[in-house]
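Colleague: Please take a close look at one part of this model, the place where two of its chains pack against each other. I would like to know what meets what there, and how the surroundings fit in.

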Amino acid sequence: MTTSLPLIALIGFGLINFFLISASLLVYAERKVSAFIHNREGPNRVGPLGLLQPFADVLKLIFKEDITPKVANPFIHSLAPWLMVVIAMTTTALIPLAEGVVIADVQVGALVLLALTSITVYGVTLAGWSSNSKYSLLGGLRSSAQMISYELSMGLALGSVILMTGSLHIPTIVEDQMLVWNVFRNPIGAILFIVTAFAETNRAPFDLPEAEQELVGGYHTEYSGMKFGMFFLAEYVNLFIASFVIVTFFFGGYLLPFQSFFAGGFPGWLLVALQMGALVLKSAVFAFIFIWVRWTLPRFKYSQLMNLGWKYLLPISLANIVIIALIMAVAGLF
Amino acid sequence: MLQTFFPLFLQLLMAGGLALTLLLGAKYLGPKRPNLIKRQVYESGMDPVGSAHQRYSVKFYLVAMIFIVFDVEVVFLYPWAVTFKDFIAAGSGLGVLAVILPFIAILAIGLLYDIKKGGLDFDS
Amino acid sequence: MTPQFLFFCLAIVAITAALGMLIARSPVSSALWLILNLFCVAGLYLTMNAQFLAVVQVLVYAGAIMVLFLFVIMLLNVAALPSVRDIDWRLGVGFVLGVALLAQLSYAIASSTDLMPAEVSLESTVATGSVEVVAKELFTRFAMPLEMIGVLLLAATIGAVLLARRVSPK
């Protein structure tokens, strides 16, 4: 794509703001959905239907005192939340928003995405270590061991998609789903990817790092004020990005349903707008599922979590990729 | 080619700026009334005992080591995944399969060994 | 911004990070410097159009190996070294000059013999750095080394498990 850098910068700026706002809306959605599941009211005081509640929360966080423990390493204590936000926000650049609209049109995009996922571990590990608190360190260790364990299965699930598409270029992977979404061609890969996405975002039922009954607040026990807010922000941005990524790789990304049959006559701007809408809508469904699952399923035990990752998901994802390769080579399908 | 990465770096810069603004906001906007009790680490209301930087279970270390091995394996699988379609189109799909399947099998044996030897058991 | 200019900027940061890694007294800051260094090296690969290698560098070194390093540092609670203030500054100057001399001598020797690497134009690397080219070589000409790497990795897995088992009592 030969679009000029200023335009790309503008889109990138818009995207960052979009994710900032949607993160606060997701917090609101989480509280409302959990309230509905618990048969409660949820936030309903600030603004109509409590819609301004997340913004009130942000203001509160900004004007709270920022406490750094005496025994902490102050530089790394600040570096950890910075890393979390930066990595989360950089990942947004890789998602194709509509046909021909993607900020970072990189040939090896799928691998860059995995690389960014793999360095998220640092934020968690460093936060846990720098606080010099037992709860933080245990939470950070557990969390990083969990993230690296599930990263392998996630990489292999993504590998099976790459195998079928024959490309690492994310827009190509989306266009390849024009006729059939990948979830129908590769259902096991889709399930594996969704499960590992839950684990990578530290969401329930994989939220052991924040198992409050055992570890208080996990790796962000010793954070307060806006630094805590940054972890909170990164968590919800990551949740939404995970939804976008799931949609992009398995549910047709920005493609409209049966687009190839009717979209030919649409003017360009309308198609782009419709596709962006479709992408956001599909991702919102997955964000809802993330929330729904959190308030429905109980948490795993740590040994169960490691067993699931290493003894079930990893062999299954290896078998999945081998079987797909065999079908491709022998039967010539996909 | 290098140019295709510039937008990614641009996004990185903007994200870095945003996160830095938030950090500075955290530093300067809130009240500053530190005292010793506040700056203690949390230990369920008790005075903290010793430092948190102690020795922890070797299990975490083992997981990280095994992870490296399999991460390297998966990295070798990506080039294969990308080009497998081309190989099939060129008629050498089965030949490449004969290269990659033993590779995967060798590592599957490693995984099986780890599981059987209890290297990945967190129950004890 | 030409690739050459970027290359020199990244190289300077990489060397600074490497020095920082050596000079830093606490193991965790050493590890952080090393991570910065690894990212710079990935950037160097990018300026030479080896995009697959660049991403893999981040994925494997920064995403896996450095995580192990950090784990070890945290799990074993390695203490920080004493501060370097009592080391003579003349030692540092001598070290820098020695390295400079070594670099100059090796350059002189390499350019007078035919050890200098042949010059490659950046345009020609575009064709060789892509995943497709790497894969075509890897699965045809280098198929046997690939299997050997598989065996090596297997040995590493078994070694890791045995190491950890010997530590635990029973």
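Modeller: An angle counts as roughly parallel under 35 degrees, roughly antiparallel over 145, roughly perpendicular from 65 to 115, and oblique for the rest. The model is predicted, so local features need pLDDT of at least 70 and side-chain atom pairs count only at pLDDT 80 or more, while totals for chains, interfaces and linings use all residues. Residues are numbered from 1 along each chain as its sequence is written, and chains are lettered from A and ligands numbered from 1 in the order in which they are written.

Start with the pair H1(A) and H1(B); helices are DSSP runs of H or I with at least four residues, strands are E runs of at least two, and both are numbered from the N terminus. Helix H1 of chain A covers residues 5-37, and its axis lies 10 Å from that of H1(B), at an angle of about 45°. Axes are lines fitted to C-alpha atoms, for helices over the stretch in contact, and angles run from 0 to 180 degrees between N-to-C directions. H1(A) and H1(B) are therefore oblique to each other. The crossing of H1(A) past H1(B) is right-handed; that term applies if the near helix is turned clockwise from the far one by less than a right angle, and left-handed if anticlockwise.

On the H1(A) side, the residues that meet H1(B) are Leu5(A), Ile8(A), Ala9(A), Gly12(A), Phe13(A) and Ile16(A). Facing them in H1(B) are Phe6(B), Pro7(B), Leu10(B), Gln11(B), Met14(B), Ala15(B) and Leu18(B). Eleven residues of this contact are nonpolar, two are polar and none is charged. Here Ala, Val, Leu, Ile, Met, Phe, Trp, Tyr, Cys and Pro are nonpolar, Asp, Glu, Lys and Arg are charged, and the others, Gly among them, are polar. Residues are in contact if their C-beta atoms, placed from the backbone, lie within 7 Å.

H1(B) itself has 23 residues and reaches 33 Å from first to last C-alpha, close to the 33 Å expected at 1.5 Å a residue. The expected span is 1.5 Å times one less than the number of residues. Its buried residues are Pro7(B), Leu8(B), Leu10(B), Gln11(B), Ala15(B), Leu18(B), Ala19(B), Leu22(B) and Ala26(B). Buried means that 20 or more other C-beta atoms, placed from the backbone, lie within 10 Å of the residue's own; exposed means 12 or fewer, and partly exposed is in between. In chain A, the buried residues of H1(B) pack against H1, helix H3 (74-91) and helix H10 (225-250).

That pair belongs to a wider interface. In total, 61 residues of chain B are in contact with 66 residues of chain A. On the chain B side, two or more residues each come from helix H1 (6-28), helix H2 (58-89) and helix H3 (93-117). H1(B) supplies the largest share of this side, 17 residues. By class, the chain B side has 42 nonpolar, nine polar and ten charged residues.

The loop between H1 and H2 of chain B holds Glu43(B). Glu43(B) has 15 other C-beta atoms within 10 Å and is partly exposed. Leaving aside neighbours within four places in sequence, Glu43(B) is in contact with Lys134(A) and Pro48(B).

On the chain A side, Asn39(A) sits in the loop between H1 and helix H2 (53-62). Its phi is near 60°, a positive value in a residue other than glycine. With 6 other C-beta atoms within 10 Å, Asn39(A) is exposed. Asn202(A), in the loop between helix H8 (187-200) and helix H9 (212-215) of chain A, also is not a glycine and has a positive phi of about 55°. Asn202(A), however, is buried, with 23 other C-beta atoms within 10 Å.

Chain A also offers a helix pair of its own for comparison. The axes of H5(A) (residues 134-165) and H13(A) (residues 302-331) come within 9 Å and cross at roughly 15°. That makes H5(A) roughly parallel to H13(A). H5(A) passes H13(A) in a left-handed crossing. Their contact has 16 nonpolar, eight polar and one charged residues.

Key:
Two residues are in contact if their C-beta atoms, placed from the backbone, lie within 7 Å.
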